[in-house]
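Hi,

Here's the structure I promised to pass on. Have a look at it first, then read my notes below.

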Amino acid sequence: MTQIVISAPGEPSVLRAQGAPVPTPAAGDVLVRVEAAGINRPDVLQRQGHYPMPPGVTPVPGLEIAGVVVAVGPGVDGWAPGDRVCGLTNGGGYAEFCLVPAGQLLPIPRGFDAVQAAALPETFFTVWANLFGLGRARAGDRVLIHGGSSGIGTTALLLCREFGIEAFATAGDEAKCDAIRALGGTAIQYRTTDFSETILQATDGRGVDVVLDIMGGSYFDRNLSVLARDGRLVVIGFMGGRYATSVDLQSLVLKRVVVTGSTMRSRSPEEKAEIARELRERVWPVLEAGRCLPVLDRVFPFLEAAEAHRHMESGAHVGKIVLRVSETPSPL
Ligand SMILES: NC(=O)c1ccc[n+]([C@@H]2O[C@H](COP(=O)([O-])OP(=O)(O)OC[C@H]3O[C@@H](n4cnc5c(N)ncnc54)[C@H](OP(=O)(O)O)[C@@H]3O)[C@@H](O)[C@H]2O)c1
């Protein structure tokens, strides 16, 4: 098979196509012939050598795929060759064949093609586990989502609208603000406006119940300032750095704020399988009803993975970037 490897840490040109044997599924694994693979910011960080990889995983990038089951390992129940699936991988998605733990697979939602389905797992697992799990966002809550036009941000906005949550979201230009509005959120252009002032004004000083934060250090203090009483700050990225230099801890105490965060890759297989079960029950019926469709920015041919990374790093995209790995037409 062909796979895309990171030949050395660095620029997108370090992504190279390479021949490799088709892997054999071990106990609990499913071998999927990949039709499409999603690209995510953590892939860019991994390529640059900045991602703390969990021990024992393949160095081949690619955290989400969609395709067809070709073989199952010992002990796998519920999946069989020919099933059309999408899944959260432990890496290795930039390849013609990929091993995925059985519990991290979901059926391709009815009506979806492989490209749309490959755009689901990484951001839906992450937003579900962080905004709704750790952040405990519920109907009637107000939330702030940083990077509202990102893969993560567009998914968070879709799910907020679906589950009755009022969302504010930040973005760096007007076109991205328009995209946020189209997804039902209140857009805040962070280059021209202070998001904390805007939110406190819009909420009569009350603030938001949850902040889903991809920025980290540079926003930490202001994130605390916009949280309501018993609010939750969930940090899932460090686009603005890992270190917060100025923090007023008084707001933690006065407002009983909770600060937390997580990474999807370091969760156990059991935790990932539980998230998959919840998504299948709560979100897959919504997708099959034609709502919460992922926002697709651009599809690149498999062998143009480097170009796809350049596009992500340019910051010009809104929503998801996907690689089309095989040209097999969808039977849907
Ligand atoms: N913890 C986890 O499990 C997990 C899983 C997946 C992703 N993530 C994290 O989530 C984040 C988004 O991932 P993604 O795949 O959705 O990436 P993406 O689509 O490339 O989005 C990146 C976002 O960052 C914003 N951004 C970039 N530089 C910025 C800056 N200097 N100031 C403010 N905003 C900036 C961009 O918005 P503007 O262009 O509007 O500035 C864009 O919306 C990343 O930090 C990623 O590592 C975490």
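**Where the ligand sits**

The ligand sits in the largest pocket. Bear in mind that this is a predicted model. Three helices each give two or more residues to the shell around the ligand: helix 1 (41–48), helix 3 (121–134) and helix 4 (151–162). Which helix gives the most? That's helix 1, with three residues.

Try finding the two domains as well. Domain 1 (2–120 + 265–324) and domain 2 (128–261) each supply at least three residues to the shell.

**Who's around the ligand**

There are 25 residues around the ligand, and the ones that come nearest are Gly 172, Lys 176, Tyr 190, Ser 262 and Met 264. If you sort the shell by class, you get 11 nonpolar, 11 polar and three charged residues.

Now zoom in on some polar contacts:

- Lys 176 has a polar side-chain atom 2.5 Å from an oxygen atom of the ligand.
- Ser 150 uses a backbone N or O atom, which lies 3.5 Å from a ligand oxygen atom.
- Ser 262 also uses a backbone N or O atom, but here the partner is a nitrogen atom of the ligand, 2.8 Å away.

And how much of the ligand does the protein cover? On its own, the ligand has 910 Å² of accessible area, and the protein covers 86% of that.

Have fun exploring!

How values were computed. Residues are numbered from 1 along each chain as its sequence is written. This is a predicted model: local features need pLDDT of at least 70, side-chain atom pairs count only at pLDDT 80 or more; totals for chains, interfaces and linings use all residues. Side-chain values use heavy atoms; hydrogens and water are left out. A residue is near a molecule or strand if one of its heavy atoms lies within 4 Å of it. A polar contact is a pair of N or O atoms within 3.5 Å; within protein, one must be able to donate a hydrogen and the other to accept it, and residues adjacent in sequence count only if both atoms are side-chain atoms. Accessible areas come from the Shrake-Rupley method with a 1.4 Å probe; for residues, only the protein chains shown count as cover. On a 1 Å grid over the protein atoms alone, a cavity is a set of points where a 1.4 Å probe fits but cannot get out, and a pocket is an open set with protein on both sides within 12 Å along at least five of seven lines; lining residues have an atom within 4 Å of a point. A molecule sits in a cavity or pocket if more than half of its atoms lie within 2 Å of its grid points. Helices (H or I, at least four residues) and strands (E, at least two) are DSSP runs, numbered from the N terminus. Ala, Val, Leu, Ile, Met, Phe, Trp, Tyr, Cys and Pro count as nonpolar, Asp, Glu, Lys and Arg as charged, and the others, Gly among them, as polar. Domain bounds come from an automatic or database domain assignment.
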